[in-house]
Amino acid sequence: MDFGDVNLGEPWGTWYRLGLRYLFRPTPAVSQKVSVALPAQEFPEPWQRILSGLEPPVPLVWTYWRLAQDLGPNPDPLRRTLWKNILDSCAWPPGTLAFWPMSMLEEDRIVPAPAYFHTGLSHIQPRLVVCFGQRAFEVLYPDAPFQYGLHESIATIPVLALPGAQDMLPDNRRAKALVWRWLQTVSQRWIDTS
């Protein structure tokens, strides 16, 4: 499957195959709020801890709405097991993936944090962002309808929207199969496994 054809009907699919990438490229509203890139040491936790353990560039960034919660003191064991099982099945080389939050905990509530997310992408330098779930997608694309597949770039990085953990758990085989098919395509196109 060619990523360029996923969400692009004709004539846009043809233009994409010919190399055109930004005909209708919207500037994300949140990117206007990020006026100065933070030095890596000035990110708050958990972003600082994540950045200190990375060796950029990292090919993939994964994000989802409740990632901030799972990086905190009370992670959800079902989500952690789900991500571990998916990553074990992918068998990607070490250093292939970084979990990067697009939300943060604020007095036990999860709130959007797109400025930190977008600024961090310039440090991580991924080839692809994989966004799990509708709530996370709405933070990254506040004016776009949610649908699975490849979406316009944010900061020149394409975004792949997939079902979230809440869609796959406890055992939604259809959602898991969809994620697995997309991740196999990611392996073929975005990951250097040699």
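**Leu105**

I began with Leu105 in this predicted model. Setting aside neighbours within four places in sequence, I found Leu105 in contact with Ala68, Gln69 and Ile110. I placed Leu105 in strand S3. I then looked up its exposure: Leu105 is partly exposed, at a relative accessible area of 38%. I also took a C-alpha distance from Leu105 to Arg66. The two are 39 residues apart along the chain, and their C-alpha atoms are separated by 9.2 Å.

**Asp108**

Next I followed the chain from S3 into the loop that leads to strand S4 (109-112), where Asp108 lies. I noted a positive phi for Asp108, near 65°, in a residue other than glycine. Asp108 is exposed, with a relative accessible area of 79%.

**Whole chain**

I stepped back for the totals. I counted 8 helices and 7 strands in the chain. The chain has 194 residues, and 42% of them count as buried. I then asked how contacts spread along the sequence. Taking contacts between residues at least 6 apart, I got 71% that join residues at least 24 apart.

**Thr63**

I went to strand S1 (residues 60-64) for Thr63. Is Thr63 buried or exposed? I read a relative accessible area of 0%, so Thr63 is buried. I listed its contacts, leaving out neighbours within four places in sequence. Trp100, Pro101 and Met102 are among them. So are Phe117 and Leu140, and the run Val129, Val130, Cys131 and Phe132.

**Helix H5 and the turn after it**

I checked burial along helix H5, residues 114-124. Buried there are Pro114, Phe117, His118, Thr119, Gly120, Leu121 and Ile124. Just after H5, I found Gln125 with a positive phi of about 60°. Gln125 sits in the loop between H5 and S5. I looked up its exposure too: at 44% relative accessibility, Gln125 counts as partly exposed.

**Nonpolar cores**

Which residues have the most contacts inside the largest nonpolar core? I found Trp100, Phe117 and Leu121, in a core of 27 residues. I then sorted this core by element. Helix H2 (47-52), H5, strand S5 (128-132), helix H6 (134-140) and strand S7 (157-162) each supply at least two residues. H6 gives the largest share of this core, 4 residues.

I took Leu121 as a closer case. Beyond neighbours within four places in sequence, Leu121 is in contact with Val61, Trp100, Pro126, Val129, Ile154 and Ile157. I also found a second, separate core, of 26 residues. Val130, Phe132, Leu150 and Met168 are included in this second core. I kept the general rule in mind: in soluble globular proteins, nonpolar side chains tend to be buried together.

**H4 against H8**

I turned to a helix pair, H4 (residues 77-90) and H8 (residues 173-190). Their axes come within 11 Å and cross at roughly 40°. That angle makes H4 oblique to H8. I recorded the crossing of H4 past H8 as right-handed. Which residues make the contact? From H4, I listed Leu82, Ile86, Ser89 and Cys90. From H8, I listed Lys176, Val179, Trp180 and Leu183. By class, this contact has 6 nonpolar, 1 polar and 1 charged residues.

**Cis prolines**

I searched for cis peptide bonds. One joins Pro56 and Pro57, with omega about 0°. I placed Pro57 in the loop between H2 and S1. Another cis bond joins Leu169 and Pro170, with omega about 5°. Pro170 is in the loop between helix H7 (165-168) and H8.

**Pro145**

My last entry is Pro145, in the loop between H6 and strand S6 (149-154). Pro145 is exposed, with a relative accessible area of 63%. I took its distance to Gln134, 11 residues apart in sequence. C-alpha to C-alpha, Pro145 and Gln134 are 9.2 Å apart in space.

Conventions
Residues are numbered from 1 along each chain as its sequence is written. This is a predicted model: local features need pLDDT of at least 70, side-chain atom pairs count only at pLDDT 80 or more; totals for chains, interfaces and linings use all residues. Side-chain values use heavy atoms; hydrogens and water are left out. Axes are lines fitted to C-alpha atoms, for helices over the stretch in contact, and angles run from 0 to 180 degrees between N-to-C directions. Angles under 35 degrees count as roughly parallel, over 145 as roughly antiparallel, 65 to 115 as roughly perpendicular and the rest as oblique. A crossing is left-handed if the near helix is turned anticlockwise from the far one by less than a right angle, and right-handed if clockwise. Contact means heavy atoms within 4.5 Å. Ala, Val, Leu, Ile, Met, Phe, Trp, Tyr, Cys and Pro count as nonpolar, Asp, Glu, Lys and Arg as charged, and the others, Gly among them, as polar. Buried means under 20% relative accessible area, exposed over 50%, partly exposed in between (1.4 Å probe, protein chains only). A nonpolar core is a set of buried Ala, Val, Leu, Ile, Met, Phe, Trp, Tyr and Cys residues joined through side-chain atoms within 4.5 Å.
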